[in-house]
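Open the viewer and keep the selection box at hand. We will go stop by stop, with something to select at each one.

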Amino acid sequence: MGFLDFLKGRRPAAAPIPDELWDWAIAEHRIFRGLDEGERGRLRELAAGFLAAKRFEAVDGAEIDDRLKVSVAAQACLPLLGLDLSWYGQFTTIFITKDAYSVTQRWEDEAGVTHESEEEFAGEAFELGPVALSIPDIDASGWGDGYNVVIHEMAHKLDGLDGAYDGCPPLGRGPHRDPQHRLDRRRWAEVFGAAYEDLRAKLDAEGRTKRRRGTSKRRARIDPYAAESPDEFFAVVCEYFWERPALLKDEYPEVYAQLAAFFRQDPAARQSL
Ligand SMILES: [Zn+2]
């Protein structure tokens, strides 16, 4: 960056993503098919800026090539089409692992006894630092089937931007400061809280009804992982918002509407995935 640019507060221009690589990314990920020309151009710019700002680090000999990087960058930036890259300003490193990795979790119960459990994580958003993603899960993302580890981890980053991982990202930031685009925190909590409880109830009912060849009427259509906690619910419905927008809109229309207002996008209107 030149000194003049520095004085003017300009960022160095990100290197553009080569045509061949970009065309591959668009063709390979079904979730980009509904984007119009303008949206694709904006996504390409955001992804180039993302690649310029973030560092990819391989763990355990994972092989990182340009396709993998562009795949992550483009999917990570899809949620930012109506926002900007400052929403991902709090992290710079993305760890890439060869396999889904194990994390040992320890916690203390009320009686003071320490428990340990080994869990497989597809990816993990560390509280304040880097993001970790595994290659098999990146490859499994973007097909329009509801699963997207990149969007999931980015949603956690957005959620935690206000310091609390509670399923509610900051609602008064950037374009949302404008009274026209203002979102109400209480309304958000109501809508997400009701949907979360509904999903938990459906999963409970499924557990019960399975034994008596349950009615399909109350079946949950969202990944049960969303019922883990309000922050996981937010991350999972974000996956559906771009992977299966019509399904999410049908299942939880008010959640869909809140996400559409927050992200300033309407993926269900683009195409039926
Ligand atoms: Zn998660």
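## First stop: alanine 52

Select alanine 52. Alanine 52 counts as partly exposed, because 14 other C-beta atoms lie within 10 Å. The cut-offs behind that label are 20 or more for buried and 12 or fewer for exposed. Keep in mind throughout that this is a predicted model.

Colour residues 37–53. That is helix α3, and alanine 52 is in it. Now look for partners beyond four places away in sequence: alanine 52 touches Ala14 and Ala15. Next, add threonine 92 to the selection. Threonine 92 is 40 residues from alanine 52 along the chain, and their C-alpha atoms are separated by 10.0 Å.

## Zoom out

Show the whole protein as a cartoon. It has eleven helices and six strands. How much of the protein do buried residues make up? They account for 34% of its 273 residues. Now consider contacts with a separation of 6 or more: 64% of them join residues 24 or more positions apart.

## Along α3, then across to α4

Stay on α3 and select arginine 42, which is found in this helix. With 17 C-beta neighbours inside 10 Å, arginine 42 is partly exposed. Add leucine 78, which is 36 residues away along the chain. The C-alpha atoms of arginine 42 and leucine 78 are 9.5 Å apart.

Now select α3 and α4 together. Their axes are 8 Å apart and meet at an angle of about 120°. That angle makes α3 oblique to α4. The crossing of the two helices is right-handed. Show side chains where they touch. From α3 come Leu43, Leu46, Ala47, Phe50 and Leu51; from α4 come Lys69, Val70, Ala73, Ala74, Ala76 and Cys77. By class, the contact of α3 with α4 has ten nonpolar residues, no polar ones and one charged.

## The other partner of α4

Keep α4 and add α6, residues 149–159. At what angle do α4 and α6 pack? The angle is about 55°, with the axes 9 Å apart. The two helices are therefore oblique to each other. The crossing of α4 and α6 is right-handed.

Pick out the contact residues. Val72, Gln75 and Ala76 in α4 meet Val150, Ile151 and Met154 in α6. Sorted by class, the contact of α4 with α6 has five nonpolar residues, one polar and no charged.

Hide α4 and keep α6. This helix is mostly covered, with eleven of its eleven residues buried. Select some of the buried residues of α6, among them His152, Glu153, His156, Lys157 and Asp159.

## The loop before α4

Go to aspartate 60. It sits in the loop between β1 (55–59) and α4 (66–77). Is aspartate 60 buried or exposed? Aspartate 60 counts as exposed, because it has 10 C-beta neighbours inside 10 Å. Check its backbone too. Aspartate 60 has a positive phi of about 55°, although it is not a glycine.

## α10 and the residue after it

Select α10, residues 253–263. Show its buried residues: Val255, Tyr256, Gln258, Leu259, Phe262 and Phe263. Look down the axis of α10: these buried residues fall within an arc of 165°, so they line one face of the helix. An α-helix has 3.6 residues a turn, so residues three or four places apart point the same way.

Step on to arginine 264, just after α10. What is the phi of arginine 264? The phi of arginine 264 is positive, about 60°, although this residue is not a glycine. Arginine 264 lies in the loop between α10 and α11 (267–270). It counts as partly exposed, with 14 C-beta neighbours inside 10 Å.

## Last stop: serine 229

Select serine 229. It is in the loop between α7 (185–209) and α8 (230–243). Serine 229 is partly exposed, because 14 other C-beta atoms lie within 10 Å. Add glycine 167 and draw a line between the C-alpha atoms. The separation is 8.5 Å, although serine 229 and glycine 167 are 62 residues apart along the chain.

How values were computed:
Residues numbered from 1 in each chain as written. Predicted model: local features only at pLDDT ≥ 70, side-chain atom pairs only at ≥ 80, totals over all residues. Helix = DSSP H or I, 4+ residues; strand = E, 2+ residues; numbered from the N terminus. Axes fitted to C-alpha atoms, helices over the stretch in contact; angles between N-to-C directions. Parallel < 35°, antiparallel > 145°, perpendicular 65-115°, else oblique. Left-handed = near helix turned anticlockwise from the far one by under 90°. Contact = placed C-beta atoms within 7 Å. Nonpolar A, V, L, I, M, F, W, Y, C, P; charged D, E, K, R; others polar. Arc of directions from axis to C-beta.
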